[in-house]
Amino acid sequence: MDDDLLDADFAMELPEPRLALFTLSEAHELLDVLHHFGAADHDWGAQARRFAAELAARVPSRDV
């Protein structure tokens, strides 16, 4: 894992406290990103596809 992502100086400035869980909208945005990277044919694409499938199994569809 990239240590920069864990660095406090690297973190985004948030106007409000971070929620413990993703909102439904955030989960769908992340799913979109994972689907985009999952289209690539390399190891990161395979990981993105796996995480997209796991996330999709846990969040309601946008149609709900």
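**Notebook: contacts between and within two helices**

I began with the salt bridges, and found that the side chains of Arg-62 and Asp-32 meet in one, with 2.6 Å from N to O. Arg-62 lies in the segment after helix H2 (43–58) and Asp-32 in helix H1 (residues 24–38), so this pair ties together parts that are 30 residues apart in sequence. I note here that the model is a predicted one. I also looked up the accessibility of Asp-32, which is partly exposed at a relative accessible area of 40%.

I then searched the whole structure for such pairs, and the search returned 2 salt bridges. The side chains of Arg-58 and Glu-54 form a salt bridge at 2.7 Å, N to O. Both Arg-58 and Glu-54 belong to helix H2, where they stand 4 residues apart, about one turn of the helix. I recorded their accessibilities as well: Arg-58 counts as exposed at 60%, whereas Glu-54 is partly exposed at 39%.

**Entry on the nonpolar core**

Which residues make up the largest nonpolar core? I listed 7 residues: Ala-27, Leu-31, Leu-34, Ala-48, Ala-52, Leu-55 and Val-59. Helices H1 and H2 each supply at least two residues of this core. I set beside this the general tendency of nonpolar side chains to be buried together in soluble globular proteins.

I next examined Val-59, a member of this core. Leaving aside neighbours within four places in sequence, I found Val-59 in contact with Leu-24, Ala-27 and His-28. Of these partners, I followed up His-28 in the next entry.

**Entry on His-28**

Is His-28 buried or exposed? His-28 counts as buried, at 9% relative accessibility. This residue lies in helix H1. I looked up what surrounds His-28 and found that it touches Val-59, Pro-60, Ser-61 and Arg-62, when residues up to four places away in sequence are not counted. One of these partners, Pro-60, offers its backbone oxygen, which the side chain of His-28 reaches at 2.9 Å. Another partner of His-28 is Arg-62, whose side chain I had already recorded in the salt bridge with Asp-32.

**Entry on rings**

How many aromatic pairs are there? I counted 0 aromatic pairs. I did find a charge placed over a ring: the charged end of Arg-50 sits over the ring of Phe-51, at 4.3 Å from its centre.

**Entry on distances between C-alpha atoms**

I looked up several residues that are apart in sequence, and began with Ser-25 of helix H1. Ser-25 counts as partly exposed, at 45% relative accessibility. Ser-25 and Arg-62 are 37 residues apart along the chain, and their C-alpha atoms are 8.6 Å apart in space.

I turned next to Ala-56, which is found in helix H2. Ala-56 is partly exposed, with a relative accessible area of 40%. The C-alpha atoms of Ala-56 and Ala-27 are separated by 8.8 Å, and these residues are 29 apart in sequence. Ala-27 is one of the residues I had listed in the largest nonpolar core.

Lastly I looked up Ala-46, also placed in helix H2. At 36% relative accessibility, Ala-46 counts as partly exposed. Between Ala-46 and Leu-34, 12 residues apart along the chain, the C-alpha separation is 10.0 Å. Leu-34 likewise appears in my list for the core.

**Closing entry**

I return to the two helices. Residues of both H1 and H2 enter the core, and the salt bridge of Arg-62 with Asp-32 ties helix H1 to the segment after helix H2.

Definitions and conventions: Residues are numbered from 1 along each chain as its sequence is written. This is a predicted model: local features need pLDDT of at least 70, side-chain atom pairs count only at pLDDT 80 or more; totals for chains, interfaces and linings use all residues. Side-chain values use heavy atoms; hydrogens and water are left out. A salt bridge is a side-chain nitrogen of Lys or Arg within 4 Å of a carboxyl oxygen of Asp or Glu. Buried means under 20% relative accessible area, exposed over 50%, partly exposed in between (1.4 Å probe, protein chains only). A nonpolar core is a set of buried Ala, Val, Leu, Ile, Met, Phe, Trp, Tyr and Cys residues joined through side-chain atoms within 4.5 Å. Contact means heavy atoms within 4.5 Å. Rings of Phe, Tyr and Trp (its six-membered ring) pair if their centres lie within 6.5 Å; planes under 30 degrees apart count as stacked, over 60 as edge-to-face and the rest as tilted. A charge sits over a ring if NZ of Lys or CZ of Arg is within 6 Å of the ring centre and within 35 degrees of the ring normal. A polar contact is a pair of N or O atoms within 3.5 Å; within protein, one must be able to donate a hydrogen and the other to accept it, and residues adjacent in sequence count only if both atoms are side-chain atoms.
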